[in-house]
Amino acid sequence: EYIIHNKLLSPDRCAVVEAGIDSPFLAAPWNRPKKNWIVHLGLWCSRKDPQTTVEVVSELLIKNPRLELHVLGASSLKETVLGAFNILLHDRIFVYPRLLVADLIDILSQAKILLLPSLYEGFGMATTEAMACGCVVVVTPTGFGAEINDGLDGFICNFRDVKAMFIQCQSILDNDLLRMQVASAARKRIVSLNWPSQVSNLEVHYKSWLRTI
């Protein structure tokens with residue numbers, strides 16, 4: 001849309017081919033029983049907006065005494081992550097070391113929510129991986145998050161909108177039928193995003209453009 005809007009190329013010379021999802025995620029037991037877990041997946045760095053994560057999750061942990069936060073991707077920053085939260089919440093916050101793919105899938109397939117309030121994503125593999133595992137995503141409109149069908153296969157909130165993210169996460173925790181419906185729609189949405197099909201899609205575009213040279 002940016003390229004076309006700014007007339008950098010014509011519409012017939014532009015295409016979006018989404019990244020594939022690794023086969024172990026597509027084989028994940030996405031509809032297994034869920035635990036009261038909310039997940040952060042990715043680096044604990046400024047572009048992921050950890051401050052928003054802290055504000056949203058702190059409110060959720062206070063309101064939901066059995067809820068846990070599982071932090072994946074910040075293995076070397078455990079003390080930094082814990083230090084951002086009130087010490088009274090530390091016993092329900094788990095920061096993992098670097099994980100094997102099978103362990104990552106195991107955690108995502110048990111979690112109810114992925115919260116990803118990123119300010120910028122290139123594609124955002126965490127979003128599609130969580131969707132593959134039956135974890136409902138609450139994201140911002142960047143990377144694949146901008147392509148979410150809001151309220152159908154995930155939820156989109158504006159950047160740094162702590163209130164909206166809290167409300168959406170709480171709605172998922174309060175309404176198991178809603179959670180299951182969104183998780184099912186998300187799984188159906190991304191199940192076709194395997195690498196062979198996406199590479200084939202890319203090849204089709206390249207070949208069609210080469211024929212016009």
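**Exercise 1. At what angle do helix H3 and helix H7 pack, and how many Å apart are their axes?**

Before we start: this is a predicted model, in which local features need pLDDT of at least 70, side-chain atom pairs count only at pLDDT 80 or more, and totals for chains, interfaces and linings use all residues. Residues are numbered from 1 along each chain as its sequence is written, and side-chain values use heavy atoms, with hydrogens and water left out.

*Solution.*
- Step 1: Find helix H3 at residues 50–63 and helix H7 at residues 162–174 (helices are DSSP runs of H or I with at least four residues, strands are runs of E with at least two, both numbered from the N terminus).
- Step 2: The two pack at an angle of about 40 degrees, and their axes lie 9 Å apart. Axes are lines fitted to C-alpha atoms, for helices over the stretch in contact, and angles run from 0 to 180 degrees between N-to-C directions.
- Step 3: H3 and H7 are therefore oblique to each other (under 35 degrees is roughly parallel, over 145 roughly antiparallel, 65 to 115 roughly perpendicular, the rest oblique).
- Step 4: Now pick out the residues in contact (heavy atoms within 4.5 Å). H3 supplies Thr52, Glu55, Val56, Glu59, Leu60 and Lys63, while H7 supplies Val162, Met165, Phe166, Cys169, Gln170 and Leu173.

**Exercise 2. Decide whether Thr140 is buried or exposed, and list its contacts.**

*Solution.*
- Step 1: Look in the loop between strand E5 (136–139) and strand E6 (155–156), where Thr140 sits.
- Step 2: Thr140 has 1% relative accessibility, so it counts as buried (buried is under 20% relative accessible area, exposed over 50%, partly exposed in between, with a 1.4 Å probe and protein chains only).
- Step 3: Leaving aside neighbours within four places in sequence, Thr140 touches Leu116, Pro117, Ser118, Gly145, Ala146, Ile156, Cys157, Asn158, Phe159 and Met165. Met165 also belongs to the H7 side of the contact with H3.

**Exercise 3. Work out how helix H6 is placed in the structure.**

*Solution.*
- Step 1: Of the eight residues of helix H6 (residues 125–132), seven are buried, so the helix is largely enclosed by the rest of the structure.
- Step 2: The buried ones are Ala126, Thr127, Thr128, Glu129, Ala130, Met131 and Ala132.
- Step 3: Their cover includes helix H2 (23–26), strand E1 (37–41), helix H5 (101–108), strand E4 (113–116), E5 and helix H8 (176–190).
- Step 4: After H6 comes Gly134, with a positive phi near 80 degrees.

**Exercise 4. Put these parts into the whole protein.**

*Solution.*
- Step 1: Count the secondary structure: nine helices and six strands.
- Step 2: Of the 213 residues, 45% count as buried.
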